[in-house]
Amino acid sequence: MNKLLTFAALFISFSAVAEVSDKMATISQLWLQGFLFGAPVYFLTVWRKGFLVLGILLTVFFAYAAYATLSDPYVGVGIIQEQGTPYIIASYSAAVIIALCSAFGLFKNKANTNASIKW
């Protein structure tokens, strides 16, 4: 009888509570992703203005990835409950860093172009 109850207990469904944040990137990893993709975009944009399109595409990609993760009805709620508001802000930081690197690269390109014209 005891073995039968043990066997039957295996088939009873229980609600599982799992931590979500241990499977997500840390805040420092999110910043590092922004710098790892932002630095090459900066140098490429300084070299040619056309690489601004790459910066815009990467910015949109990382912003959409953060939005899709945080707006998920299961994962997003778990992240917000476990990590709080700082993680929400940091999840968009990679997109912001890439956008800033693209903008700074464009301004540096403009400054180099204007300096070479005056020379």
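Q: What counts as buried, exposed or partly exposed here?
A: Buried means under 20% relative accessible area, exposed means over 50%, and partly exposed lies in between. The model these terms are applied to is predicted.

Q: Why is Phe107 called exposed?
A: Phe107 has a relative accessible area of 56%. The cut-off for exposed is over 50%, so Phe107 is exposed. Its place in the chain is helix H6, which covers residues 93-118.

Q: What makes the nonpolar surface patch?
A: Val96, Leu100, Phe104 and Phe107 make it. The patch covers about 420 Å². A patch residue needs over 30% relative accessible area. Phe107, at 56%, clears that cut-off.

Q: Why is Asn109 called buried?
A: Asn109 has a relative accessibility of 7%. Buried means under 20%, so Asn109 counts as buried. Asn109 is also in helix H6.

Q: How far apart are Asn109 and Tyr42, in sequence and in space?
A: In sequence, 67 residues separate them. In space, the distance is 9.8 Å from C-alpha to C-alpha.

Q: Why is Arg48 called partly exposed?
A: The relative accessible area of Arg48 is 47%. Partly exposed runs between the 20% and 50% limits, so Arg48 is partly exposed.

Q: Where is Arg48, and how far is Arg48 from Gly105?
A: Arg48 sits in the loop between H2 and H3. Arg48 and Gly105 are 57 residues apart in sequence. Their C-alpha atoms are 9.2 Å apart in space.

Q: Why does Val60 count as exposed?
A: Val60 reaches 51% relative accessibility. Exposed begins over 50%, so Val60 counts as exposed. Val60 lies in helix H3. The C-alpha atoms of Val60 and Ala99 are separated by 9.1 Å, with these positions 39 residues apart along the chain.

Q: Why does Gln81 count as exposed?
A: Gln81 has 65% relative accessibility. That value is over the 50% limit, so Gln81 counts as exposed. Gln81 is found in helix H4, residues 75-83. Gln81 and Ser21 are 60 residues apart along the chain, and their C-alpha atoms are separated by 9.5 Å.

Q: How many helices and strands does the protein have?
A: The protein has 6 helices and 0 strands. Along the sequence the pattern reads α-α-α-α-α-α.

Q: What percentage of the protein is made up of buried residues?
A: Buried residues make up 24% of the 119 residues. Each of them has under 20% relative accessible area.

Q: What is the volume of the largest pocket, and which residues are closest to its centre?
A: The largest pocket has a volume of about 200 Å³. It is lined by 13 residues, of which Leu30, Ala65, Ala66, Thr69 and Ser91 are the closest to its centre. Helix H2 (27-47), helix H3 (52-70) and helix H5 (85-91) are the elements that give two or more residues to this lining.

Q: Which element gives the largest share of that lining?
A: H3 gives the largest share, with 6 residues.

Q: Which classes of residue does the lining of the largest pocket have, and how many of each?
A: The lining has 10 nonpolar, 3 polar and no charged residues. Charged would mean Asp, Glu, Lys or Arg, so none of these four lines the largest pocket.

Definitions and conventions. Residues numbered from 1 in each chain as written. Predicted model: local features only at pLDDT ≥ 70, side-chain atom pairs only at ≥ 80, totals over all residues. Heavy atoms only, no water. Patch = residues over 30% accessible without salt bridge, like charges linked within 9 Å, V, L, I, M, F, W, Y side chains within 5 Å. Areas by Shrake-Rupley, 256 points an atom, 1.4 Å probe, with all protein chains shown as cover. Salt bridge = Lys/Arg side-chain N within 4 Å of Asp/Glu carboxyl O. Helix = DSSP H or I, 4+ residues; strand = E, 2+ residues; numbered from the N terminus. Buried < 20%, exposed > 50% of the residue type's maximum accessible area, 1.4 Å probe, protein only. 1 Å grid on protein atoms, 1.4 Å probe; cavity = no way out; pocket = protein on both sides within 12 Å on 5 of 7 lines; lining within 4 Å. Points joined across faces, edges and corners; volume = space filled by probe spheres on them.
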